[in-house]
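Q: Please take me through this structure, and set each value against the definition that stands behind it.

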Amino acid sequence: MSSPTGPDNGLPVRMPRPRPAGRHRRPEPAVAPEGAPALVLAVPGAPSAASRGLAEEIISIGRSELPGLDGRIGYLDGDDAEGSEFPSLSGVLTAVAHERAARAEFSRAAGHEVPPATGPDAVVVPLLAGPDGDLLRRVRQALMDSSAAAELADVLGPHPLLAEGLHVRLSEAGLARADRARLFTVTTAADGIILATTGGEEAVRAAGITGMLLAARLAVPVKAAALDQEGSVASIAEQLRAEGSTQLALAPYLIGPEAAEGLLDTACKEADCATAEVLGSYPALGKLAVAQYSAALGITLGAAAR
């Protein structure tokens, strides 16, 4: 056996390395402050096992980014019944508020001094890549319907990490090179990208920002279109072809649950092009959810803020 002061058997002792000082010092890992509000992920669309698995994966990534995070999932079309498999957003928020009040009451009963509650009970992060007005109105209504003091965070985009995710999904489908610097080609790579989103004109404008970042990564033109506006995708496809693109691809600027079933298939037929998968549980989404949570609270939480 060895001891911290020296080896008993002549073997070297592994001592902890000293932490480097100055600018080379690594930051301490971020940890959620004690009593921090819950992060409640607002999931749009019809509840399903797939959307639940997606939301759970994003929450799991969020907890790895910010240990100690109290992550919850609430569905815009969820059930208010107690113990529901898909609890409604308003029901989850109400439960969070009741739990916070119960913890305070327990502490008082135990003789501890409990300061008045400050800050929200929860921060709601919409599971949306862009600003879908109709869905965000429903999120706000759920906040008002609950008994919680809740703060609404911004949607996850636009952001360079979403452009990265779109690039990855396109490369997985064989529609873009994984790395522009590598000296090989993909014969099916697109020379024009339709960035398809939902939420109307405001969402299309916001998607255009991420589209510019994607265009810089791929060195091909990228134009945003609205999946939920008739003729929008076909019109953008015509514009790209008129500008010289001959092989188009559709990149869904969607996480997944927010799009009605069949929208992507219809868009692909209208544009006569292949499509990549939705962003889904791309790891950056968990990071962005934590970043929006911390931004809503006005705090910087180390890795969560990057």
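A: Both faces of strand 9 are covered, since Leu-248, Leu-250 and Pro-252 on one side and Ala-249 and Ala-251 on the other are all buried, where buried means under 20% relative accessible area, exposed means over 50%, and partly exposed lies in between, with a 1.4 Å probe and protein chains only. This is a predicted model, in which local features need pLDDT of at least 70 and side-chain atom pairs count only at pLDDT 80 or more, while totals for chains, interfaces and linings use all residues. Residues are numbered from 1 along each chain as its sequence is written, and side-chain values use heavy atoms, with hydrogens and water left out.

Q: What makes strand 9 "mostly covered"?
A: The count decides it, for 5 of the 5 residues in strand 9 are buried. In the chain of 306 residues, buried residues make up 43%.

Q: Why are strand 7 and strand 9 called a pair?
A: Two strands pair if DSSP finds at least two bridges between them, and strand 7 (residues 192-197) is joined to strand 9 by 5 bridges in the parallel sense, so the requirement is met. Within this pairing, Ile-193 stands opposite Ala-249 of strand 9. Strand 9 and strand 10 also run parallel and are joined by 2 bridges, a number that satisfies "at least two" and therefore makes them a pair as well; here Leu-250 stands opposite Thr-275 of strand 10.

Q: Which strands are edge strands, and what makes them so?
A: The open sheet has 4 strands in the order 8-7-9-10, with parallel pairing. Strand 8 (222-226) and strand 10 (274-275) are its edge strands, as each pairs on one side only. Strand 8 has its pairing with strand 7, in the parallel sense over 5 bridges, and Ala-224 in strand 8 is the bridge partner of Leu-195. Helix 6 (residues 232-242) packs on this sheet, touching strand 7, strand 8 and strand 9, and its direction makes about 160° with that of strand 8.

Q: How do you know that helix 6 meets helix 7?
A: Contact means heavy atoms within 4.5 Å, and by that rule Val-233, Ala-234, Ala-237 and Arg-241 in helix 6 meet Ala-267, Glu-270 and Ala-271 in helix 7. By class, this contact has 5 nonpolar, no polar and 2 charged residues, because Ala, Val, Leu, Ile, Met, Phe, Trp, Tyr, Cys and Pro count as nonpolar, Asp, Glu, Lys and Arg as charged, and the others, Gly among them, as polar. The two helices pack at an angle of about 35°, with their axes 8 Å apart; axes are lines fitted to C-alpha atoms, for helices over the stretch in contact, and angles run from 0 to 180 degrees between N-to-C directions.

Q: Why is Gln-292 called buried?
A: Gln-292 has a relative accessibility of 17%, which lies under the limit for that word, so Gln-292 counts as buried. Gln-292 sits in helix 8 (residues 284-297) and, leaving aside neighbours within four places in sequence, is in contact with Val-125, Ala-153, Asp-154, Val-155 and Leu-156.

Q: What makes Ala-219 and Asp-272 stand out in their phi values?
A: Most residues other than glycine have a negative phi, and most peptide bonds are trans. Phi of Ala-219, however, is near 60°, and phi of Asp-272 is near 55°. Ala-219 lies in the loop between helix 5 (200-218) and strand 8, and because its relative accessibility is 55%, Ala-219 counts as exposed. Asp-272 lies in the loop between helix 7 and strand 10, and with a relative accessible area of 61%, Asp-272 is exposed too.

Q: Where is a cis peptide bond found?
A: A cis peptide bond joins Gly-157 and Pro-158, with omega about 0°. Pro-158 is placed in the loop between strand 6 (150-152) and helix 4.

Q: How many helices and strands does the chain have, and what makes a run count as one?
A: The chain has 8 helices and 10 strands. Both are DSSP runs, numbered from the N terminus: a helix is a run of H or I with at least four residues, and a strand is a run of E with at least two.

Q: How confident is the predictor in this chain?
A: The mean pLDDT of the chain is 85, and 80% of its residues reach 70 or more, on a scale of the predictor's confidence in each residue that runs from 0 to 100. Over residues 1-17, by contrast, pLDDT stays under 50.
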